Amino acid sequence: MNWKRAGIAALCVVPLIILFGYGLTRDPKEIPSPLPGHDASPFALTVFAPGQAPLARAPGDTVKLADLKGQVVVLNFWASWCLSCRDEHQILSQTALDYVGKPVHFVGVLYNDEPANGTKWIEQMGGQSYPSVTDPGARTAIDYGLYGVPETYFLDANGRIAYKATGPVNERIIRYLVDSLMAVAAK
Amino acid sequence: MNIDESAVTPAKATKRRPIAIAAVVVVVGVFGWLLYGGLDKNVVFFLTPQELLAKGTSGYDVPVRLGGQVKPGTVKWDDKTLRLTFDVTDGQSDIAVQSSGAPPQMFRDGQGVVVEGRFGRDHVFNSTGLMIKHSNEYRPPKAGEKPQEMYKTLIKGSGA
Amino acid sequence: MTGLLAHDSILVSMAVVLFGMIAVPVAVRRGRRDLIPYAFAAVYTNFLLITVAALSMVYALVTHDFSVSYVAQVGSRETPLFYTVISLWGALEGSILFWAWVLSMYAAVVVWVNSRRPGNLVPYAAATLLFVSFFFAILLIGPADPFGVVKNVQPDGPGPNPLLQNHILMAIHPPLLYLGYVGMSVPFSFAVGAMLSGEVENDDWMRITRRWTLSAWALLSAAIIAGMWWSYEVLGWGGYWAWDPVENASFIPWLTATAFLHSAMVQERRGMLRLWNLNLVVGTFLLTILGTFLTRSGIVSSVHAFTTGTIGYYFLAFIAVVMLASLALVAGNSERLRSVGRFDSPMSRETVFLLNNLFLTAFMFTVLTGTLFPLAAEAIKGVKVSVGEPFFNRMSLPIIVTLLFLMGVGPALPWKAASKEEVKAKLLPPGIGASLFLVGGLLAGARNVYALLAFTFAGYAAFANLREYWIGMRARHTAHGEGWGTALFRLIGGNRHRYGGYTAHLGIILVALGIAASSTFRTEHEATIKPGETISLAGHTLRLKSMWGREEPQRSVVGATLEVMNGAAVNGTMEPRMNFYPMSQSPVPTPAVRSGFLGDLYVNLQAFRPDGSNATIRIIYEPLVPWIWFGGGVVVFGALIAIFPAGVLTGRRSEA
């Protein structure tokens, strides 16, 4: 065994491995979005699914972005016909509960779906801790450049879009983004 | 995965080694250069309407993949001339797209699309390929849009 | 219940595999050869345990046990039984399970067959296979666990991906691909085994695995062709190859495997290219894993990509370990891999094989670069780009025509060195074939340089390969007075490896002709017509008879019935359809294809008015496309000729 040669050969593939590692952190399907860093467009949407105490809002209430200034907002677009939304449902619902009492606000936005279907879906999935709102005509979805569901937007305390996650989110991403946005807001 | 030059030259002829190495370097170099040249000319950039407009004149007449959403109310399809026009928007800017051929059956307002083609000086994007962005995991939205109901007339007509 | 059993059997298999992996080096280093049978037993036990897991999954799928996560993901009560069973490999987790199963089976068979061989090669090869198995077992209990327990058990599931339940070829393509991919791990494990056991100086590892390599190559070839066919029959775009990353992922290892099949002969006959061959075998295996990584991790964008999770990181770790270890091993052993023979003359078969290897490798790098370039561009420049077909076509066409030419030259030249007369006698006559095909191409209207070169060299190669049969047959006919049929039969039987190779060449030529003709002479037309109206293309006229719809258990179908007109007479019907699956947003087209000897009439329903008052029909004439599928069959047939045991004792050593 010639160790010097072995080492040199092995070194050759390191850049390739680094490239793949980098690739894993990217989503090739992600459409470059002009939105992150920009002000989030305002919305005022009606609650159809109240959520559970202590996060509950009465159905028919209006959730306005303007009212949420100073808080980190997690805006999750979903639909009852979307299968990947099932994957993230439990995680989102649970994580939202963990942030009760902190300046963080979770909102579900129903995309291209009937509120009745949405309510039924939430029931089937065993409830959702935070309220969901309807988005008639997908106006808000279009303002946010929604590409498909699920998609989750993280807005900082100044109402700017800090990050956009396409596809189901995992707990690590939510915690990382929410915690860092809260830390920035606290400064 | 390098060719060991000792495999292609006799083991004894160590004098020939530098020549062999040089040959390998030249071959690999020329090949790499060809690859680079090929890539340079044939890479298609992926842009949103805003990014494409920001490119100014350098954005004209180069292959581009334009990504965004179909702007509601802009879709026009003439099934006689097979001309399809619509606007693609990213929420900031819009670009008018012109395409030939039938729109995919589920093409509709607000749909995410990727359009491949070139942006003309007349500020119309000439599409050569239209890809609907969708996941196969999605159920059809809205009760009214279930295919069974959408094509009810046809399905009834067959007496099935 | 089934989920639990399967889960446990995977866990147990991991313990068994781990034991086997450790037992081998201990047995060798400590001189405890009595341990080796136990390591082999671990291979067999692993096979049994993974079989239990795989069959449990089939059982859960068939019984619609929606408490098993994979079934909840791909199962549906409406899906026909056949598609339910094949959804075993329809999504990520199931495909990993299937992969692990095939791997464990291969390992069991290859160890069983070679278990009596003395020396440390087979034990180390077994340990390598167990190592790969171990990785897949980790995936199965970690990021790709198909046996997860569903908390809210639903009464029904979404069913498999509509694209995958739309056509019978989907039942064939993935298993072929996995069988081919996984098959490459056998030569790899023996190559690694040879290096670890120090038996790399004799070429036993190559002799033992030759049939495995050939079978894996044949399966991979068949898989690629089946994938093309599926794309042609299901996606409705009228093409069969788009240089999509997932397609490339199956093609890249095929190129290196093809190179290896050729250069292995140089090593066997002339003792050269030994280091190179090791590199090819290791590289092929790495490329199969890389291909899986690319398609499973979602690292490159593709129409075929699976849903992603954390599995990419596991694959990356595995690739890193295997790459670093095997390259280090090859480089460390390189001094022991000196060539025994030498190149005597540029006019020899080994030179052609060397060129063939150079071009195949260049081809591999081209496709690999094009596939990975978007990733590199984003990493280095931060721009989102895609590499389109023009790049791949521009780069690969010169390589393809050169390879076609070499395919005609190689079989004609003898080993070592050819005399001037031999060269003349062998290389000039195929020029007749070349001229015929060139003229044919010109008459058919081809003006593109590459298309004409492809026709010319295909003609050259076809003539040269057929001539080899002819020469052999004539020799037998005159020497033994055999009839022509008998002569052909005995000729092939006497040297299966060689004539199997020539047959595979003929298959490749057919594929090349099909591709060249269909991409040069393809014509298409699209129009919106009302019932009773006609659409014409290239002498074919179709009349729209009616639009119809029907409900099937798992989908609704809208179709158009078109009559194929022959003057005023109706000469059959074609029914392109659109299938609407309840779980899918967009319909899956089913084009109608009418095949003839010279080409396909391909009709797709593009759009229609919901009331059936008109339909937009796209009609494509695709010359020689059926030749591609047929040629694929010939390639596999050629490989089968070479694989089948040749009278066990005769002719095994003497082939070309």
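**Close-up views of a predicted model**

**View 1. Chain C carries two assigned domains.** Domain 1 of chain C covers 1-150, and domain 2 covers 523-627. The structure shown is a predicted model. Taken over C-alpha atoms, the centres of domain 1 of chain C and domain 2 of chain C are 45 Å apart.

**View 2. The largest nonpolar core holds 257 residues.** Which residues touch the most other members? They are Ala126(C), Leu404(C), Ala454(C) and Ala458(C). Helix H9 of chain C, residues 204-234, gives the most to this core. Its share is 19 residues. Another core lies apart from it and has 47 residues. Val109(A), Trp121(A), Val133(A) and Phe154(A) are among the residues of that other core.

**View 3. Ala454(C) and its contacts beyond four places in sequence.** What does Ala454(C) touch once neighbours within four places in sequence are left aside? Ile400(C), Val401(C) and Leu404(C) are among its contacts. Ala512(C) and Ala516(C) are also in contact with Ala454(C). Two residues of this view, Ala454(C) and Leu404(C), are also among those that touch the most other members of the largest nonpolar core.

**View 4. Helices H10 and H11 of chain C cross at roughly 165°.** H10(C) spans residues 245-270, and H11(C) spans residues 274-297. Their axes come within 9 Å. Angles over 145 degrees count as roughly antiparallel, so H10(C) is roughly antiparallel to H11(C). The crossing of H10(C) past H11(C) is left-handed.

**View 5. Helix H2 of chain A meets helix H12 of chain C.** H2(A) is formed by residues 14-24, and H12(C) by residues 311-332. The two axes come within 10 Å and cross at roughly 180°. H2(A) and H12(C) are therefore roughly antiparallel to each other. On the H2(A) side, the contact is made by Ile17(A), Phe20(A), Gly21(A) and Leu24(A). On the H12(C) side, Gly312(C), Tyr313(C), Leu316(C), Ala320(C) and Met323(C) take part.

**View 6. Chain A combines 6 helices with 7 strands.** In what order do the elements of chain A run from the N terminus on? The order is α-α-β-β-β-α-β-α-β-α-β-β-α. The C-alpha trace of chain A spans about 75 × 40 × 30 Å along its principal axes. Chain A has 187 residues, and 44% of them are buried. Consider the contacts in chain A between residues at least 6 apart in sequence: 76% join residues at least 24 apart.

Technical notes. Residues numbered from 1 in each chain as written. Chains lettered and ligands numbered in written order. Predicted model: local features only at pLDDT ≥ 70, side-chain atom pairs only at ≥ 80, totals over all residues. Core = buried A, V, L, I, M, F, W, Y, C linked by C-beta atoms within 7 Å. Buried ≥ 20, exposed ≤ 12 C-beta atoms within 10 Å, placed from the backbone. Helix = DSSP H or I, 4+ residues; strand = E, 2+ residues; numbered from the N terminus. Contact = placed C-beta atoms within 7 Å. Domains from an automatic or database assignment. Axes fitted to C-alpha atoms, helices over the stretch in contact; angles between N-to-C directions. Parallel < 35°, antiparallel > 145°, perpendicular 65-115°, else oblique. Left-handed = near helix turned anticlockwise from the far one by under 90°.
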